[in-house]
Amino acid sequence: MLQNIRDNSQGWIAKTIIGVIVALMALTGFDAIFKATTHKNDAAKVNGEEISQNELSQAVDMQRRQLMQQLGKDFDASLLDEKMLRESALKGLIDRKLLLQGAENSKFAFSEAALDQVILQTPEFQVDGKFSPERFDQVIRQLGYSRMQFRQMLAQEMLIGQLRAGLAGSGFVTDAQVLAFARLEKQTRDMATLNVKVDPAAVKLTDDEVKAYYDEHAKEFMTPDQVVIDYLELKKSSFFDQVAVKDEDLQAAYQKEIANLSEQRRAAHILIEVNDKVTEAQAKAKIEEIQARLAKGEKFEALAKEFSQDPGSANNGGDLGYAGPGVYDPAFETALYALSKDQVSGPVRTDFGFHLIKLLGVEAPEVPTLASLKDKLTRELKTQQVEQRFVEATKQLEDSSFESSDLAQPAQDLKLTVHTSKPFGREGGEGVAANRAVVTAAFSPEVLDEGANSTAIELDPETVIVLRAKEHLKPAQLPLEAVNTSIRAQLAKEHASSAAKTKADELIASLRDGKTPLNKAIDGQNWKVTQAVTRAQEGIDPTVLQALFRMPKPAAKDKPTFNSVTLADGNLVIVQLNGVNEAAAPTDEEKAQYRRFLASRIGQQDFAAYRKLLESQAEIKRF
């Protein structure tokens with residue numbers, strides 16, 4: 001337990017902040033805040049602030065990918081409930097919006113230097129234990145971020161981290177609570193156990209007993225509510241053989257591909273920040289002073305090490321490494337791409353402050369040949385055509401199905417085959433019936449009761465189906481003969497367990513009264529004695545442990561307390577509590593660990609309550 005407390009109480013706030021860089025909020029899609037471009041199609045509003053459909057879609061996609069990674073490559077994505085994914089993702093986005101608003105309203109803030117330190121100390125951005133600008137750019141580019149976007153995202157996460165830390169840090173624990181927890185946690189107990197035989201095979205049942213159980217539990221012995229569906233399946237892959245790529249289109253795509261290749265520029269800079277302590281005028285004066293020293297012949301690298309306030313590059317003489325367009329602040333990038341090699345810019349103002357920028361080198365892009373890109377470009381051009389045809393065919397399938405009273409006409413229109421499923425219930429089945437959206441549609445009133453064709457259902461990005469109910473197999477009473485074996489097994493187990501419980505109760509009464517000697521073998525079985533059992537004792541069934549530590553303390557050494565426990569497999573155990581051993585007073589180190597653990601737990605409870613309070617007071621509209 002002490003190790004668990006240590007693990008759970010150390011650095012959880014820091015882990016929350018640093019861990020976000022690796023996971024990048026995969027479960028709630030927080031990166032979407034930089035990609036929303038419209039407020040016309042909102043998923044929700046939180047106190048007047050929008051959450052766009054674009055944000056929500058990206059959050060759902062990220063959540064789906066995260067679940068697929070956790071569940072393994074062989075997991076069938078169709079089993080994921082899209083409605084639940086959407087609800088979960090939207091809840092995450094709303095929670096985050098509420099927490100950001102709460103942090104801002106509570107005036108939480110931090111310095112740019114603190115943000116820099118988080119980035120510098122992140123292992124994923126380091127090479128050989130040191131921060132690497134090249135590695136940093138590589139990682140965030142793979143995640144679809146520019147430097148500014150990443151800093152903005154991390155800044156918001158740090159605000160939430162501060163809010164969490166502020167609430168968690170307010171939790172406190174009294175000395176009495178620590179000592180009481182330590183006394184219970186370190187307490188051990190002396191016990192003995194005896195197994196009571198449970199033998200279902202020895203139970204004799206009559207036909208009348210089986211019939212009576214069958215009649216009494218008739219509703220439990222029904223066939224499931226099932227449906228058989230006909231369906232049409234439209235697959236995107238079927239269109240690839242129907243499209244061709246013209247030579248002129250291939251050449252145009254090649255020219256566009258190589259036109260997008262951009263040179264990489266190696267920049268160095270000196271940054272003077274504008275912040276709460278340094279005004280814009282002061283920062284500008286400082287950067288002009290440095291510019292004057294450069295003009296007198298001082299080295300750029302030396303001045304960067306002395307004056308630059310960018311901790312990620314200052315020690316490297318301001319060197320930021322090679323990067324392409326889209327990485328830097330727009331004003332920074334414009335100035336950089338206007339420079340010749342070894343030229344230094346004038347002062348450049350960005351959101352971070354004033355910069356002097358030096359171009360250290362230029363790498364021209366390598367231009368691949370058409371032959372080397374032909375397969376890739378052909379596939380991409382075909383994919384574009386297929387995508388368009390698939391969208392058009394999906395619309396045609398949906399329209400034709402809506403207008404038809406069966407699937408024959410849509411099948412003829414799109415040259416598709418009508419497939420028939422095996423019977424499946426509301427829990428799903430095999431093949432397409434494993435998809436939750438298919439099950440929901442099949443059992444919908446429109447399809448099941450009104451006999452309509454369903455709307456188009458996306459099984460995955462490559463497959464769409466339309467279905468209709470072919471046969472509804474309503475629940476029916478199963479004959480006794482079909483369930484006779486299972487009823488007998490259930491009754492035998494219940495009777496055997498009841499008999500064992502009665503025997504155990506009689507034995508416990510006899511032990512308490514002294515009629516049966518303590519610790520004497522019973523029915524050829526010896527008591528298993530275990531001393532100083534802890535709450536996390538290995539080798540003892542958790543159900544037995546739980547019962548043991550709930551039993552009252554024996555009145556005397558020769559007056560143990562007893563209890564009987566039924567295990568998950570149906571077996572029964574008599575537990576004899578012989579003594580309770582109070583532990584020595586906790587050491588100062590143990591008390592400190594217990595205090596941190598309890599305070600952390602209280603802090604987390606307070607944070608959860610605060611989130612609930614924000615939600616209860618907020619105006620939240622879901623669309």
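Is Gln-187 buried or exposed in this predicted model? Gln-187 is buried, with a relative accessible area of 5% (buried is under 20%, exposed over 50%, partly exposed in between, with a 1.4 Å probe and protein chains only). The model is predicted, so local features need pLDDT of at least 70 and side-chain atom pairs count only at pLDDT 80 or more, while totals for chains, interfaces and linings use all residues. Residues are numbered from 1 along each chain as its sequence is written, and side-chain values use heavy atoms, with hydrogens and water left out.

**View 1. Surroundings of Gln-187.** Gln-187 sits in the loop between helix 8 (175-186) and strand 5 (188-196); helices (H or I, at least four residues) and strands (E, at least two) are DSSP runs, numbered from the N terminus. A polar contact of 3.0 Å links the side chains of Gln-187 and Arg-189. Such a contact is a pair of N or O atoms within 3.5 Å; within protein, one must be able to donate a hydrogen and the other to accept it, and residues adjacent in sequence count only if both atoms are side-chain atoms. Beyond its neighbours within four places in sequence, Gln-187 is in contact (heavy atoms within 4.5 Å) with residues including Val-533, Phe-549 and Asn-581.

**View 2. The open sheet 15-5-17-16.** Four antiparallel strands make up this sheet, where two strands pair if DSSP finds at least two bridges between them. Strand 15 (528-533) and strand 16 (561-566) are at the edges; each has a single partner strand, so one side of each lacks a neighbour in the sheet. On average, neighbouring strands of this sheet are turned by 25° against each other, direction ignored. Strand 5 is joined to strand 15 by four bridges, and Met-191 has Thr-530 in strand 15 as its bridge partner. Helix 18 (residues 480-513) packs on the sheet and touches strand 5, strand 16 and strand 17 (572-581), its direction making about 170° with that of strand 16. Axes are lines fitted to C-alpha atoms, for helices over the stretch in contact, and angles run from 0 to 180 degrees between N-to-C directions.

**View 3. Ala-532 in strand 15.** Ala-532 is not a glycine, yet its phi is positive, at about 50°. Most residues other than glycine have a negative phi. Ala-532 counts as partly exposed because its relative accessibility is 38%.

**View 4. The span 262-361.** The unreviewed UniProt entry annotates residues 262-361 as "domain: PpiC"; its positions are given in the numbering used here, feature names are shortened, and annotations may be inferred rather than shown by experiment. The span is 31% helix and 27% strand, and its end C-alpha atoms lie 14 Å apart.

**View 5. The open sheet 8-7-10-9.** The pairing of these four strands is antiparallel. Strand 8 (319-323) and strand 9 (348-350) stand at the edges with a single partner strand each, so each has one side without a neighbour in the sheet. The average turn between neighbouring strands is 40°, direction ignored. Three bridges connect strand 9 with strand 10 (residues 353-363), and Arg-349 stands opposite Phe-354 in strand 10. Helix 11 (residues 280-295) lies across strand 7 (264-273), strand 9 and strand 10, at about 40° to strand 10.

**View 6. Asp-342 in a loop.** Asp-342 lies between helix 13 (330-336) and strand 9. Its phi is positive, near 70°. Asp-342 is partly exposed, at 46% relative accessible area.
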